[in-house]
Amino acid sequence: MSKRKNNHLLEVARKRAKSSQTEPAKDEERICSDQGRSALWTLHSASGEVGIIEKIFLKNFMCHSLLGPFTFGSNVNFIVGNNGSGKSAILTALIVGLGGKAQTTNRGSSLKGFVKEGESCAEISITLRNRGQDAYKPDVFGQSITIDLRISSEGLRTYKLKSKTGLLVSSKKEELVAILDHFNIQVDNPVSVLTQEMSKHFLHSKGEGDKYKFFMKATQLEQMKEDYSYIMKTKTVTQNTLEKHEETLQEIRRKYKDKEDRYKNLASLDEMQEKLDHLKHQMAWALVAEMEQEVKHMRERIAEEEKSTIKYDQKVEEWKGKVAEAERRYKQFHDQLECVTERVQKLQPECGQLRNKAQECNKAFRTAEACFHRQKTNVRDLERDKEQLIKRINELKYSITQLNAVDCQTRMKQINQIQAELDALTFQESTLVQQVGQFQQACTSAKDKLSKMRREEHDLQHAIDKKQRELAAMEGSRQGGLRRFGEQMPAFIAAIEEADRQGQFRRKPVGPLGFCIRLRDADLGLAVESCLKSLMLAFCCDNYMDEKVLQALMIRSFPQGQRPQIIVSEFTDTPYNISHRAVSHPEYPSVLQALDIDNPVVTNCLIDMRGIETVLLIKNNKDARRVMLGGHPPRNCKEAFTREGDQVYNNRYYSSAQQRARYLSHDVEQEIRHLQVSLRTQEAHFKGFKQQIRDVIDNINQNEALLKRALDDHRRVKDQCRKLQLEMNDLCNVEEPQSEDLKPLEDELEELSSRLAVCQEEYETEQQQMLTLKRACEEVELLYRQHKETINSVAEEAEPIKEELSKSDQEVEKSKHHKKHYEEKRKAHINNIQAQKMILENKEQELKASIVKASEICPERLDIRRTAKSLDNEISHLKHKISTQQDQHGDRDTIIRQYQEALENYNSVAQHVKGLKHFIHLLSKIMNTRHNVYTEMRRYLSVRCKYYFDSMLSQRGYTGSMVFNHKKEALSISVQPGEGDKATLSDMRSLSGGERSFSTVCFVLSLWAIAEAPFRCLDEFDVYMDMVNRRISMDMMLKIAASQRYRQFIFLTPQSMSSLPVNNLTRILRLNDPDRSQSILSFGQRIPEVPE
């Protein structure tokens, strides 16, 4: 309920209360006087000037695409039509368009439900009259106000308030509320708009409480009651607050009295404060003096640091000299290695010639040996013939002797027998000697061959083991590439990770370096490996402490064999700037350009240790020779490597012994297949070679067994020959008589002896020649072995040179590292000096600021002999003393401030409590007056409602009563059809439907008579009436409308209303039946609109 209406009702009630005091008349007389005044006002204003509805227009609202525009009359308007024609849509649009909620219409719970299905928005346009003295902002809006409402499909509403000329004035909801308050339009008041649902809930309800609520709501007494209840609750809260403030006020007053007593008893501490101020002055200049001493010391320290810069310069120059010396030694060893290599290359052809000559000598020796053996056989044959001839002679001698004596015959027989045995044994001995020689030679050559094969077997086994390790590492690299770098490498890396988690490293080592690089071109893998060599397995440490920890881990992970190299170099986060010393070629990349390296530490390490920025990679051998050996190698290029791993300098070319890339192979599966094929080939060859070794061993064992047996037989035959020779010599020494027949045989024996002598000479000659060739062969073989040993010794000379070369290379890198270290230390030292100078400059600025600050504290500089610390101690002691005094008496400023704050707080709270008491007293007085007025007004409205209800019923001859019970909030209505006193009153529940509807209309009309509103809307009021009651109700409403021409009445009914009388005050808006194919519903008017 608006303030304007409340004020109006209160004013009316107040007037009624005064008139009741001055004129103690009956209620009926006062009602008649009110009717008289109302009639006079009606004559004064024939039609409403403000707040009535002139026009309404709907678009896409509810189920209607277009309704209107409808022009309403200023007094009575009937909207007739069948169900679904749009009557309720017009009433709903009127409520929503004038700010009502969706729940008020009882047609939906949300505004978005009013938008026609399939459309994005709904539009409502309502035009209100704005004329006369009570017009709202007539200079802005003119004689009418148009309210345009747009409802989106999301339920958002947008208002546009336009003037009569169509000009947009405002789009704020507050402006619409102000207009409705000004015109006293209340769409949620059932007196203004009574919908079917509201009627069913209140009017047709059988409960007395519902009717009483309807009366209270229609007369707005319910809103007044709620407002009074809220005010009384606020009063109660204010009283509670006042009680709390009164309790607080007593505590504040007690504190205020305490502060007042301390303020009166305050003692002065000026003397100690003056002394404290003087000490603070001394403290300010003491700090200045100490800062001056600090600045002086800093200047002296900077001067000493600048002098020590010379030491760093000397260290840098010293290591520059060491770098030059190390590079000179490296060049010297490199030249020595080149000389050794050239010597080896020069000795190789001569070694080949000696080997060929030794082979020729050996062949000639074998030939002479064969001739010697032939001569030896001839001598043996002649000796055998001689022996046979001697045997014949002996037989003749024996026969001669046999004639003389039996002994002689027996002796000769024995001699012949012995001779035969001796000849057989001699032949057997020679055969055995030859066999022993053959067996010895066969054993010696077989053992030499076995020794050589053993060495080859060891080499083959080592190669197979190496291949197997490579294959295992390559297969393991399927899951992790670290196994390529050795079986122990994954465990070693895990140990490094664990040590790093335990904080044993200052910075975690990086490696293996080969694992940290990637090839951009897979064909250059062998070339890069040939260039980096052992650096592929190397690790890099930031400092020597980390190197010791890594070395200990490496000893545990690599207990045997060669361990990876460790390089100590300080880690940096950015790679070196090598633009001035890197090789650049338009066709061929350097090693640095051919690699993808994410870690700058790895990049810098490879640049330091191998100079990868100065090494070219050239795939083709011819191109490499052309580029490097042509006499003009690219600038900054020291060497180059080919795809096959060959190393090319500007004056020499070295072939690579490595055939395939081991660590940087692009296709792991292809490498595994290649290693498997190679391993199977080597294993098959090794298996065959083992069989050959077993065959040689079996041959040696067989020859040794035969040799042993031959030697045993030879010793046995020699012993037998020696015994038989001695026996035969004894028999031959017996003198026998000569015979004539012995002469030819003796001559033949002599000739045979001469031939034997010649043959022996030839035998000795062949033997001598054989020995000569043997010595020559041995000499040539000795020369060959010596030459070969010379080559080996020269090659062995290269090994220490290589080691020295490697050491000198490391020494060069170490010297460069130290030089770089001292250069960085010198740079850091210079930076430190610069930083100290900056600090000194800041200190000088602080000193100047301190002097300025001290001058502000004490303008005259004091000569302070004490230190700032002693002054600070005394200041602290004095402050403590002052604080103790202040604790006893209190600080002056604090006490004064607290006293003033306590006084202000006490006065403020006391004033606030006083104001609350006055407010509660005034509010109680006002509320008592208002409650009396409210009670009087409720009684007055109840009496008027009864009067008008009786008047309405009497028009049909009904009698009734209306009893208000304000305490129980109940309204009892009794109606009796019939005549006057003869009728007996009964409850409305006993009436027929038409009679009950007529009674309800009378009740509504009585409420209309006592409530103010510019227009009234009633929806299907006659739906339950018969024709008689409908006619009587209609006449009553038309009569009231005729008596209240300043108000507008809008009735919605499904009846045709064809029986209504024709006049200028009644307008009928007839809606056609709904047609879904029709977007615009036309309406008919029974009486044309009369311009006003």
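**Entry 1: strand β1**

I began with N60, which I found in strand β1, running over residues 50–61. I was working on a predicted model throughout. The phi of N60 is near 55°, and I noted that this is a positive value in a residue other than glycine. I kept in mind that most residues other than glycine have a negative phi. I then asked myself whether N60 is buried or exposed. I put N60 down as buried because its relative accessible area is 11%, and the cut-off for that word is under 20%.

**Entry 2: other backbone angles**

I looked next at N636, which is not a glycine and yet has a positive phi of about 70°. I located N636 in the loop between α16 (621–628) and β14 (639–641). With a relative accessible area of 26%, N636 counts as partly exposed. I also followed helix α8, made of residues 208–218, and listed its buried residues as K211, Y212, F214, F215, M216 and A218. After α8 comes Q220, for which I wrote down a positive phi near 65°.

**Entry 3: cis peptide bonds**

Before going through the prolines I reminded myself that most peptide bonds are trans. I found a cis peptide bond between G68 and P69, with an omega of about 5°, and I placed P69 in strand β2, which covers residues 64–71. I found that the bond from G511 to P512 is cis as well, with omega near -10°; P512 sits in the loop between α12 (489–501) and β9 (517–519).

**Entry 4: strand β21 and its partners**

I turned to strand β21, residues 1048–1053, and found that six of its six residues are buried, which leaves the strand mostly covered. In a regular strand the side chains alternate between the two faces of the sheet. I checked the directions in β21 and saw that Q1048, I1050 and L1052 point one way, while F1049, F1051 and T1053 point the other way.

Which strands pair with β21? I traced five bridges from strand β3 (residues 76–80) to β21, and these two strands run parallel. In this pairing V80 stands opposite T1053. I also traced five bridges between strand β20 (residues 1015–1019) and β21, again in the parallel sense, and here F1015 stands opposite Q1048.

**Entry 5: a four-stranded sheet**

I then went through an open sheet of four strands, in the order β13-β14-β15-β16, and noted that its pairing is mixed. Strands β13 (615–617) and β16 (653–654) are at the edges with a single partner strand each, so one side of each has no neighbour in the sheet. I looked at the pairing of β16 with β15 (residues 647–648), where two bridges join the strands and they run antiparallel. One bridge partner pair that I wrote down is V648 with Y653 in β16.

**Entry 6: charged patches on the surface**

I finished with the charges and found a negative surface patch formed by D747, E748, E750 and E751. I placed E750 in helix α18, which spans residues 742–857, and recorded E750 as exposed because its relative accessible area is 56%. On the positive side, R355, K452, R455 and K788 gather in a surface patch. I found K452 in helix α11, residues 406–476, and I entered K452 as partly exposed, with a relative accessible area of 48%.

Note on methods. Residues are numbered from 1 along each chain as its sequence is written. This is a predicted model: local features need pLDDT of at least 70, side-chain atom pairs count only at pLDDT 80 or more; totals for chains, interfaces and linings use all residues. Side-chain values use heavy atoms; hydrogens and water are left out. Buried means under 20% relative accessible area, exposed over 50%, partly exposed in between (1.4 Å probe, protein chains only). Two strands pair if DSSP finds at least two bridges between them. Patches are made of residues with over 30% relative accessible area and no salt bridge: like charges are joined within 9 Å, nonpolar side chains (Val, Leu, Ile, Met, Phe, Trp, Tyr) within 5 Å. Accessible areas come from the Shrake-Rupley method with a 1.4 Å probe; for residues, only the protein chains shown count as cover. A salt bridge is a side-chain nitrogen of Lys or Arg within 4 Å of a carboxyl oxygen of Asp or Glu. Lys and Arg count as positive and Asp and Glu as negative; His and the chain ends are not counted. The place of a charge is taken as NZ of Lys, CZ of Arg, CG of Asp or CD of Glu.
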